[in-house]
Amino acid sequence: MRPSGAASATAAHDRGASLIGLLVVLVVLGATAAIVVAALPTTSSVTLPTTSTTHTTGGRGTTTTTSRTIVSAALIAACVADVQAIASAAQTYATLNGAPPPAGTSWATAAVKGGPFLHSWPSAPGQFAVRWDGATVVVTPAHGQAVRGSPGTATPATGCYAA
């Protein structure tokens, strides 16, 4: 049998060893996290694959290369999704009410005539505006050409693709 003083000294030693072990694990995890964060690329240097198109002019080929950042690709995807959501909401409104919705946004977000069809009207201030003119969806980019009835085109850049 051990004396009671020896048992308490061993327990204190075990607690001290556990604390040191925990600190070592935390230091290793912190160092690993620092290495991973340092190895990640910055947002400004990441681009999507570029697309190349060749135009033949007078027997000579010229190549135009366009690259988009992840942020601009995300804006385009959000705009296209917004156009599809509004077109779907307008179709649902017309099915329930026998006529297309009136111009504006209130038909989509109000709790009348079967609504709300959208939780909120989509917008991206400074990038693009999507509106309903009473017959079709209109996408107006901050820079570039507006388009009616579709999200637009990449070449030439119109609607969502000009955002």
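These legends go with a set of close-up views of a predicted model.

**View 1. A nonpolar patch on the surface, with L22 among its members.** Let's start on the outside. Six residues, L19, L22, L23, V25, L26 and L29, make a nonpolar surface patch of about 580 Å². If you pick out L22, you will find that residue in helix 1, which covers residues 4-39. L22 has a relative accessible area of 48%, and because that value falls between 20% and 50%, L22 is classed as partly exposed.

**View 2. The largest nonpolar core, a set of 21 residues.** Now for the inside. Within this core, the residues that touch the most other members are I86, W107, W121, W132, V137 and V139. At least two core residues come from each of helix 2 (70-97), helix 3 (106-109), strand 3 (128-132) and strand 4 (137-141). Helix 2 is the biggest giver, with eight residues. As general background, nonpolar side chains in soluble globular proteins tend to be buried together.

**View 3. The surroundings of W132.** Here we zoom in on one of the core residues that touch the most other members. Once neighbours within four places in sequence are set aside, W132 is in contact with I86, A90, P101, P102, A103, G104, W107, W121 and V137. Among these partners, I86, W107, W121 and V137 are also listed with W132 for touching the most other core members.

**View 4. K113 and P116 in the loop between helix 3 and strand 3.** This one is for anyone who likes to check backbone torsions. K113 is not a glycine, yet its phi is positive, at about 55°. The relative accessible area of K113 is 54%, so this residue counts as exposed. Further along the loop, G115 and P116 are joined by a cis peptide bond, with omega of about 5°.

**View 5. A cis peptide bond between T155 and P156.** Here is another spot for the torsion-minded. Omega for the bond joining T155 and P156 is about -5°. P156 sits in the segment that follows strand 5 (147-148).

**View 6. T136 and its polar contact with G149.** T136 is found in the loop that links strand 3 and strand 4. A polar atom of the T136 side chain lies 3.2 Å from the backbone nitrogen of G149. Leaving out residues up to four places away in sequence, T136 touches R131, R148 and G149.

Notes:
Residues are numbered from 1 along each chain as its sequence is written. This is a predicted model: local features need pLDDT of at least 70, side-chain atom pairs count only at pLDDT 80 or more; totals for chains, interfaces and linings use all residues. Side-chain values use heavy atoms; hydrogens and water are left out. Patches are made of residues with over 30% relative accessible area and no salt bridge: like charges are joined within 9 Å, nonpolar side chains (Val, Leu, Ile, Met, Phe, Trp, Tyr) within 5 Å. Accessible areas come from the Shrake-Rupley method with a 1.4 Å probe; for residues, only the protein chains shown count as cover. A salt bridge is a side-chain nitrogen of Lys or Arg within 4 Å of a carboxyl oxygen of Asp or Glu. Helices (H or I, at least four residues) and strands (E, at least two) are DSSP runs, numbered from the N terminus. Buried means under 20% relative accessible area, exposed over 50%, partly exposed in between (1.4 Å probe, protein chains only). A nonpolar core is a set of buried Ala, Val, Leu, Ile, Met, Phe, Trp, Tyr and Cys residues joined through side-chain atoms within 4.5 Å. Contact means heavy atoms within 4.5 Å. A polar contact is a pair of N or O atoms within 3.5 Å; within protein, one must be able to donate a hydrogen and the other to accept it, and residues adjacent in sequence count only if both atoms are side-chain atoms.
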